[in-house]
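Let's take a walk through a protein model and look at how its inside is put together. Have the structure open while you read, and turn it around as you go.

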Amino acid sequence: MYRLVLAIALTLPLAGCAARGPYHAAVVVEHDASSVVQALQQAEITEFNAGRISASEHQTLEAGIQKVALAGVALNNALSAGVPTSITGALNAFVQTVTDLNTSGVLSIKNQQSQQILTTSINTLKAIIANLQANLPTGVTQ
Amino acid sequence: MNVQTLLNILNGVAELEPVAAGLVLSLINGLKGKSDAEILQGDATVWAAIVTSAHAQLQPPAPPTPPITQ
């Protein structure tokens, strides 16, 4: 798993994108985050359908994933608008929803296998966010 | 970091974790040749799909349809 996180952190900012804007690093990270959250949601639904996640856990997790995605929409909008203060606010809110999803949802899953699968996604998200925080564009602060 | 270094990293990952390498390549291909605006536009669709899917998952199951009586 460490190698996956390392590979994402090292390689994606180098991908051959056209027309790089001032917030290109943040855009790449936002893109990675959307893919990982989508994969996390699909994994959660698979685990629920397999009976390894209870209905109660499923409701909590999907509510948390929905909040992360709504924060992702806000981050996407902020990056599109290109206003540094808005990007800062949206990024902080996004980080908070990921933290909440982990503490109130993933860490409460009783099935160890399911918890491990979703923890992997959460850790990947954390690594992606840390990569962004280490490469924040000028004017965007934490 | 040049292209060769990038390929070396990916080859190393591919040998050790084929699934992880596949995900990384998939993510890179999703960015290739796109402007930031195009990436954000595509991601907006992904985020919206996640919200819609979560909303559907949070709906209570529909009650069974009662039998039609004549």
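Start with Trp47(B), which is buried, with a relative accessible area of 0%. Keep in mind that this is a predicted model. Who is the aromatic partner of Trp47(B)? It's Phe94(A), and the two rings sit edge-to-face, with 5.8 Å from centre to centre and 75° between the planes. The pair runs across two chains, going from helix H4 of chain A to helix H3 of chain B. Over all chains, the count of aromatic pairs comes to 1. If you wonder about those two numbers, a pair of aromatic rings is described by the distance of the centres and the angle of the planes.

Now look at the other half of the pair. Is Phe94(A) buried or exposed? At 2% relative accessibility, Phe94(A) counts as buried, because the cut-off for that is under 20%. Leaving out residues up to four places away in sequence, Phe94(A) touches Ala33(A), Val68(A), Ala71(A), Gly72(A), Leu75(A), Leu125(A), Ile129(A) and, of course, Trp47(B). You can also check Val73(A): it sits 21 residues from Phe94(A) along the chain, and their C-alpha atoms are separated by 9.4 Å.

Next, zoom out to the helix that holds Phe94(A), which is H4 of chain A. Its buried residues are Ile87(A), Thr88(A), Ala90(A), Leu91(A), Phe94(A), Thr97(A), Val98(A), Leu101(A) and Asn102(A). Here's a handy bit of background: an α-helix has 3.6 residues a turn, so residues three or four places apart point the same way. What covers the buried residues of H4(A)? The cover includes H2, H3 and H5 of chain A, together with H3 of chain B.

Here are two helices of chain A, with their spans set against what you'd expect at 1.5 Å a residue.

| Helix | Residues | End-to-end C-alpha distance | Expected span |
|---|---|---|---|
| H3(A) | 27 residues | 39 Å | 39 Å |
| H4(A) | 21 residues | 30 Å | 30 Å |

Just after H3(A) comes Gly82(A), which has a positive phi, near 75°.

Time for the big picture inside. The largest nonpolar core has 40 residues, and Phe94(A), Leu101(A) and Leu118(A) are the ones with the most contacts inside it. Helices H2, H3, H4 and H5 of chain A and helix H3 of chain B each supply at least two of the core residues. The largest share, 9 residues, comes from H2(A). Take Leu101(A) as an example: setting aside neighbours within four places in sequence, Leu101(A) is in contact with Leu40(A), Leu61(A), Gly64(A), Ile65(A), Val68(A), Val106(A) and Ile122(A).

How do H2(A) and H5(A) lie next to each other? Their axes come within 9 Å and cross at roughly 175°. That makes the two helices roughly antiparallel, because the angle is over 145 degrees. Where they meet, H2(A) brings residues including Val29(A), Val36(A) and Leu40(A), while H5(A) brings residues including Leu118(A), Ile122(A) and Leu125(A).

Finally, a glance at chain B. It has 3 helices and 0 strands, so to speak an α-α-α run from the N terminus on. Of the 70 residues in chain B, 30% are buried.

Notes: Residues numbered from 1 in each chain as written. Chains lettered and ligands numbered in written order. Predicted model: local features only at pLDDT ≥ 70, side-chain atom pairs only at ≥ 80, totals over all residues. Heavy atoms only, no water. Core = buried A, V, L, I, M, F, W, Y, C linked by side-chain atoms within 4.5 Å. Buried < 20%, exposed > 50% of the residue type's maximum accessible area, 1.4 Å probe, protein only. Helix = DSSP H or I, 4+ residues; strand = E, 2+ residues; numbered from the N terminus. Contact = heavy atoms within 4.5 Å. Phe/Tyr/Trp six-rings, centres within 6.5 Å; stacked < 30°, edge-to-face > 60°. Expected span 1.5 Å × (residues − 1). Axes fitted to C-alpha atoms, helices over the stretch in contact; angles between N-to-C directions. Parallel < 35°, antiparallel > 145°, perpendicular 65-115°, else oblique.
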